[in-house]
Amino acid sequence: MDLPYAVRYKKRKSYKKEYEYNETKIDRTDRTFLDYIAFTKNSNLYTTQLDFLGSRKGDPKSILTLIIVELHFCLIFLVENKNSGKVISIFDKIEEKIGISKFCEIFGLILTDRDPCFIDFKGLENSKKIIQKD
């Protein structure tokens, strides 16, 4: 036998992960990965990858990372009780500090995963200042 101690090992437990979102609620028309690939072929925009890093179970704090791939730059934010409103408020603060023109230049294209905190993509796409003027 190749593994003499393998018989003594306990069988690993498998955990079924429950996600907070339902795919039927989210309209992802023109926002799939294939649309991203097609768009980036003819685009010179910077790509920003947005993601929450994993945290311990029961810990209300999470780490939000914004990675601007072409600039090799990473912004990291500590977010307590993460939700879509807090993600949008972080983008609004960045926009206030650097201005709308630089913000549009740097954050021209945002790529996220299917985290429930990124469900309000219209809030990410639209400027807070432009919405207030309307």
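The exercises below, each with a worked solution, concern a predicted model of one protein chain.

**Exercise 1. The fold in outline**

State how many helices and strands the protein chain has, and give their order along the sequence.

Solution. Begin with the count: the chain has five helices and four strands. Next, read from the N terminus, which gives the pattern α-β-β-β-α-α-β-α-α. To place a few of these elements, note that α1 covers 33-41, α2 covers 84-98, α3 covers 100-106, β4 covers 109-112 and α4 covers 121-125. Strand β2 spans 61-68, and strand β3 spans 73-80.

**Exercise 2. Burial, surface and contacts of the whole chain**

Find what share of the residues is buried, what area is accessible, and what share of the contacts joins residues at least 24 apart.

Solution. The chain has 134 residues, and buried residues make up 22% of them. Its accessible surface comes to about 10,900 Å². Carbon and sulfur atoms account for 53% of that surface. For the contacts, take those between residues at least 6 apart in sequence; 51% of these join residues at least 24 apart.

**Exercise 3. The largest pocket**

Describe the largest pocket by its volume, its lining residues and the classes of those residues.

Solution. The volume comes first: about 930 Å³ of space lies in this pocket. Its lining consists of 35 residues. Those nearest the centre are R31, I110, L111, F121 and E125. The elements that give two or more residues to the lining are α1, α2, α3, β4 and α4. Sorted by class, the lining has 18 nonpolar, 11 charged and six polar residues.

**Exercise 4. A salt bridge between two pocket residues**

R31 and E125 are both among the residues nearest the centre of the largest pocket. Determine how far apart their closest N and O atoms are, and where each residue lies in the chain.

Solution. The closest N and O atoms of R31 and E125 are 3.0 Å apart. The cut-off for a salt bridge is 4 Å, so the pair qualifies. R31 belongs to the segment before α1, and E125 to helix α4. With their positions 94 residues apart in sequence, the pair links distant parts of the chain. As for accessibility, R31 is partly exposed at 36%, and E125 is partly exposed at 49%.

**Exercise 5. The other salt bridges**

The count of salt bridges is three. Describe the pair D115 and K82 and the pair E105 and K102, and state which parts of the chain they join.

Solution. Take D115 and K82 first; their closest N and O atoms are 3.5 Å apart. D115 sits in the loop between β4 and α4, while K82 sits in the loop between β3 and α2. The two are 33 residues apart, and the pair links distant parts of the chain. D115 has a relative accessible area of 15%, so it counts as buried. K82 is partly exposed, at 33%.

Now turn to E105 and K102, where the closest N and O atoms are 3.8 Å apart. Both residues are in helix α3; because they are three residues apart there, about one helical turn separates them. E105 is partly exposed at 42% relative accessibility, and K102 is partly exposed at 44%.

**Exercise 6. Positive phi angles**

Give the phi values of H72 and N81, locate both residues, and classify each as buried, partly exposed or exposed.

Solution. Most residues other than glycine have a negative phi. H72 has a positive phi, near 55°. This residue lies in the loop between β2 and β3. Its relative accessibility is 75%, so H72 counts as exposed. N81 also has a positive phi, near 50°. It is found in the loop between β3 and α2. At 46% relative accessible area, N81 is partly exposed.

**Exercise 7. The surroundings of S62 and I100**

Is S62 buried or exposed, which residues does it touch, and how far is I100 from S127 in space?

Solution. S62 lies in strand β2. Its relative accessible area is 5%; the cut-off for buried is under 20%, so S62 is buried. Leaving aside residues up to four places away in sequence, S62 touches F52, S55, F77, L78, V79 and K82. Among these, K82 also forms the salt bridge with D115.

I100 lies in helix α3 and is partly exposed, with a relative accessible area of 28%. I100 and S127 are 27 residues apart in sequence, and their C-alpha atoms are 7.9 Å apart in space.

Key: Residues are numbered from 1 along each chain as its sequence is written. This is a predicted model: local features need pLDDT of at least 70, side-chain atom pairs count only at pLDDT 80 or more; totals for chains, interfaces and linings use all residues. Side-chain values use heavy atoms; hydrogens and water are left out. On a 1 Å grid over the protein atoms alone, a cavity is a set of points where a 1.4 Å probe fits but cannot get out, and a pocket is an open set with protein on both sides within 12 Å along at least five of seven lines; lining residues have an atom within 4 Å of a point. Grid points are joined across faces, edges and corners, and a volume is the space filled by probe spheres set on the points. Ala, Val, Leu, Ile, Met, Phe, Trp, Tyr, Cys and Pro count as nonpolar, Asp, Glu, Lys and Arg as charged, and the others, Gly among them, as polar. Buried means under 20% relative accessible area, exposed over 50%, partly exposed in between (1.4 Å probe, protein chains only). Contact means heavy atoms within 4.5 Å. Accessible areas come from the Shrake-Rupley method with a 1.4 Å probe; for residues, only the protein chains shown count as cover. A salt bridge is a side-chain nitrogen of Lys or Arg within 4 Å of a carboxyl oxygen of Asp or Glu.
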